[in-house]
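Visitor: I would like a close look at a single part of this model: its strands, how they pair, and what packs against them. Please go through it in one connected account.

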Amino acid sequence: MKANHTSQIYRLEDNITQHYPQQIAALKERMDGMAADIQTAKANLPADKEQFSMKVGSKFYTDKKEAGTALVEMCKELKSAHAPVTVGEYAGFKMAVSFDSFHHKFVMNLKGQLSHNLEIGADPFGNISRMNHALESMPKELDNAKVKLENVERQLEIAKAEVTKPFAQEAELKEKLDRLSALNALLNMDENGVGNETPEQPKTDTLGYDDQKAEQPEADALEHDNQRQEQAAENAGHNHVAENSNPHELKQVAGTTEKPAKASLKEKLEAYKAQVAGMGNAETDKTKGKEAVI
């Protein structure tokens with residue numbers, strides 16, 4: 001739409017500066033020449049239609065038939081002439097005749113300020129009638145030229161008004177161009193690799209992890225103490241069994257003893273307490289036995 005508007009503006013500018021002024025100048029010149037020829041015809045055409053005068057070649061004729069016949073004969077002599085040749089004079093206008101080889105006919109030009117063309121035929125009276133009609137129609141042609149001049153001048157004023165008008169969809173076009181620029185910028189970013197970086201992972205709350213990490217040494221220490229106490233209790237139990245059992249029973253016990261499944265921390269503590277309690281009972285029984293022996 002913008003291109004069409006710009007093209008129209010250029011065309012209007014050409015019409016304003018060249019085309020319309022040239023048309024106006026040509027119409028005014030034709031009107032001036034038409035007005036002058038109207039005055040010439042009015043001054044030379046007799047008011048009485050019966051009166052007649054025509055010059056053909058170098059001879060004047062007052063009889064229409066004789067003048068018409070002489071004109072036809074002269075045209076026949078000019079059949080090979082393509083350029084206009086003056087053959088006489090009528091009502092103050094020079095008569096120039098030429099042959100139109102394309103249409104195969106003779107053409108007469110009544111030359112005053114302007115040229116008034118008509119066709120020449122074989123009828124002597126018909127040729128004179130066409131000449132009179134051409135001269136009598138000049139006032140009507142002048143009026144037509146005036147109307148045409150008014151139209152061209154009106155078109156010139158309209159063109160001057162239209163050429164100053166802005167593009168009606170200028171705001172809409174600007175909005176679309178801004179949007180297009182934004183889209184092009186996004187496309188350029190994609191082509192240049194901008195925006196393809198791995199998005200930064202959101203920071204998570206590490207407070208619980210830090211607390212667990214801070215408590216880990218204490219748990220490890222407690223686990224180590226439990227393992228050490230568990231090992232001591234196990235050694236004590238093996239000593240007790242070794243002291244109160246014979247080798248055969250030890251082998252049998254060793255052969256039948258199965259490695260217990262790994263227990264949880266709570267289960268290990270309970271087992272440890274039970275073992276400690278068993279050790280205490282064993283020591284008490286041993287002391288009683290010694291006292292009995294003593």
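Guide: Helices (H or I, at least four residues) and strands (E, at least two) are DSSP runs, numbered from the N terminus, and two strands pair if DSSP finds at least two bridges between them. The model is predicted, so local features need pLDDT of at least 70, side-chain atom pairs count only at pLDDT 80 or more, and totals for chains, interfaces and linings use all residues. Residues are numbered from 1 along each chain as its sequence is written, and side-chain values use heavy atoms, without hydrogens and water.

The sheet is open and consists of 6 strands, ordered E2-E1-E3-E4-E5-E6, with antiparallel pairing. Its edges are strand E2 (59-61) and strand E6 (115-120), each of which pairs on one side only. On average, neighbouring strands of this sheet are turned by 30° against each other, direction ignored; the axes used here are lines fitted to C-alpha atoms, for helices over the stretch in contact, and angles run from 0 to 180 degrees between N-to-C directions.

Going through individual pairs, E1 and E3 are antiparallel and share 2 bridges. Here Lys-55 has Glu-89 in E3 as its bridge partner. E3 in turn is joined to E4 by 5 bridges, again in antiparallel fashion. These two strands, E3 and E4, make a hairpin with 2 residues between them. In that turn, Ala-91 has a positive phi of about 55°. Tyr-90 stands opposite Phe-93, a residue of E4.

At the E6 edge, strand E5 (residues 105-111) pairs with E6 over 6 bridges, in the antiparallel sense. A hairpin through 3 residues connects E5 to E6. Lys-111 has Ser-115 of E6 as its bridge partner, and Leu-110 stands opposite His-116, also in E6.

What lies across these strands? Helix H3 (residues 124-136) lies across strand E1 (54-56), strand E3 (85-90), strand E4 (93-100), E5 and E6. Relative to E6, H3 runs at about 155°.

H3 also packs with a second helix, H2 (residues 64-77). The angle between H2 and H3 is about 95°, and their axes are 8 Å apart. At that angle H2 is therefore roughly perpendicular to H3, a label given to angles of 65 to 115 degrees, with under 35 roughly parallel, over 145 roughly antiparallel and the rest oblique. On the H2 side the contact (heavy atoms within 4.5 Å) is made by Lys-64, Lys-65, Gly-68, Thr-69, Leu-71 and Val-72. On the H3 side Pro-124, Phe-125, Asn-127, Ile-128 and Met-131 take part.

To put the part together: the open sheet has E2 and E6 as its edge strands, H3 lies across E1, E3, E4, E5 and E6, and H2 packs with H3 at about 95°.
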